[in-house]
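This briefing sets out selected structural features of the model shown below. The points are grouped by topic for use alongside the sequence and coordinates.

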Amino acid sequence: MNNIALFLGQAIRRPSQISAVVPSSRRLARAMAGSLGPDTGPVAELGAGTGNITREILAQGVAPADLTLFELNPVFCHRLAAQFPGVRIENRPAQDMAAIGVENLGAIVSSLPLLSMPAGLQHAILRACLAALAPQGQIIQFTYGPRPPLDPQVQHDLGLAVHRGPQVLLNMPPARVYSYTRR
Ligand SMILES: C[S@@+](CC[C@H](N)C(=O)[O-])C[C@H]1O[C@@H](n2cnc3c(N)ncnc32)[C@H](O)[C@@H]1O
């Protein structure tokens, strides 16, 4: 089964967890990974799905050994393992990141459906991200809606600055990339 069919099948079974019907387009994946490179250091991808963004992260020169994927769905994890040898794949919630010793990340690339999560869960995920992020690291996240992808109160409470990135029309639906850094 190809990745699109696999993604759609899982999206029908777990709509609230996946929050999309098709994987991200190549254009969106490139916009998400475009600021990364061989010197970024360790990178974590949250909600890797069937790996469209993973592929672009590696294409930017991030070494497989520097990349850790967090993905809740075991079917997706199986597909990711087959496609990306040498990449660490964690079939567990992204919020476990710091607890399992992931640290000093130069970037966190997330396609988690943050805005459809309760603020408490957003807080928990972002707190884990900040515990694992290097001081100058960035969190990159896309959203389909007109507003930034983090609840403003969560952003304020955690002392984050938001940067508006490119809009990608060639995606289903169109999306915009944002990044967050410590203020
Ligand atoms: C919108 S899909 C994005 C998939 C892929 N990155 C892409 O862009 O095509 C969101 C993914 O996040 C995963 N997910 C949702 N909540 C999660 C969590 N707390 N920790 C890890 N993965 C999660 C879902 O299983 C799903 O694969």
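## The loop between β6 and β7

Pro173 lies in the loop that connects β6 and β7. The model is a predicted one, and the features below were computed from it. The briefing starts with this loop and then turns to backbone geometry, salt bridges, the largest pocket and the largest cavity.

**Met172 and Pro173**

- The peptide bond that joins Met172 to Pro173 is cis, with an omega of about -10 degrees.
- Met172, like Pro173, belongs to the loop between β6 and β7; strand β6 covers residues 160-168 and strand β7 covers residues 175-182.
- Met172 has a relative accessibility of 54%, and it therefore counts as exposed, the cut-off for that class being over 50%.
- Together with Leu8, Ile12 and Val21, Met172 makes a nonpolar surface patch of about 400 Å².
- Met172 thus takes part in both the cis peptide bond and the nonpolar patch.

**Positive phi angles outside glycine**

- Ser19 is not a glycine, yet its phi is positive, at about 60 degrees.
- The position of Ser19 is in the loop between α2 and α3.
- With a relative accessible area of 29%, Ser19 is classed as partly exposed.
- Asn104, also not a glycine, has a positive phi of about 60 degrees.
- Asn104 sits in the loop that runs between β3 (88-90) and β4 (105-110).

**Salt bridges**

- The structure contains 5 salt bridges.
- One of them pairs Arg30 with Glu56, whose closest N and O atoms are 3.9 Å apart.
- This pair links distant parts of the chain, since Arg30 is in helix α3 (residues 26-33) and Glu56 is in helix α4, with their positions 26 residues apart in numbering.
- Arg30 is partly exposed, at a relative accessible area of 40%, whereas Glu56 is buried at 7%, the limit for a buried residue being under 20%.
- Another salt bridge is formed by the side chains of Glu90 and Arg92, with an N to O distance of 3.1 Å.
- Glu90 has a relative accessible area of 13% and is buried, while Arg92, at 29%, is partly exposed.
- Arg92 also forms a salt bridge with Asp96, and here the closest N and O atoms are 3.7 Å apart.
- Asp96 counts as partly exposed, its relative accessibility being 25%.
- Through salt bridges that share partners, Arg88, Glu90, Arg92 and Asp96 are joined into one network.

**The largest pocket**

- The volume of the largest pocket is about 730 Å³.
- Its lining consists of 41 residues, of which Gln17, Ile18, Ser111, Leu112 and Pro113 are the closest to the pocket centre.
- Two or more lining residues come from each of α2 (15-18), α4 (52-59), α6 (119-132) and β5 (133-143).
- By class, the lining of the largest pocket comprises 22 nonpolar, 16 polar and 3 charged residues.

**The largest cavity**

- The model has 1 cavity of 30 Å³ or more.
- The largest cavity has a volume of about 30 Å³.
- The residues that line the largest cavity are Leu46, Ser110, Leu114, Ile125, Leu126, Cys129, Ile139 and Gln141.
- The elements that give two or more residues to this lining are α6 and β5.
- Helix α6 provides the largest share of the cavity lining, with 3 residues.
- The cavity lining divides into 6 nonpolar and 2 polar residues, with no charged residue.
- Both α6 and β5 thus contribute two or more residues to the lining of the largest pocket and to that of the largest cavity.

Key. Residues numbered from 1 in each chain as written. Predicted model: local features only at pLDDT ≥ 70, side-chain atom pairs only at ≥ 80, totals over all residues. Heavy atoms only, no water. Patch = residues over 30% accessible without salt bridge, like charges linked within 9 Å, V, L, I, M, F, W, Y side chains within 5 Å. Areas by Shrake-Rupley, 256 points an atom, 1.4 Å probe, with all protein chains shown as cover. Salt bridge = Lys/Arg side-chain N within 4 Å of Asp/Glu carboxyl O. Helix = DSSP H or I, 4+ residues; strand = E, 2+ residues; numbered from the N terminus. Buried < 20%, exposed > 50% of the residue type's maximum accessible area, 1.4 Å probe, protein only. 1 Å grid on protein atoms, 1.4 Å probe; cavity = no way out; pocket = protein on both sides within 12 Å on 5 of 7 lines; lining within 4 Å. Points joined across faces, edges and corners; volume = space filled by probe spheres on them. Nonpolar A, V, L, I, M, F, W, Y, C, P; charged D, E, K, R; others polar.
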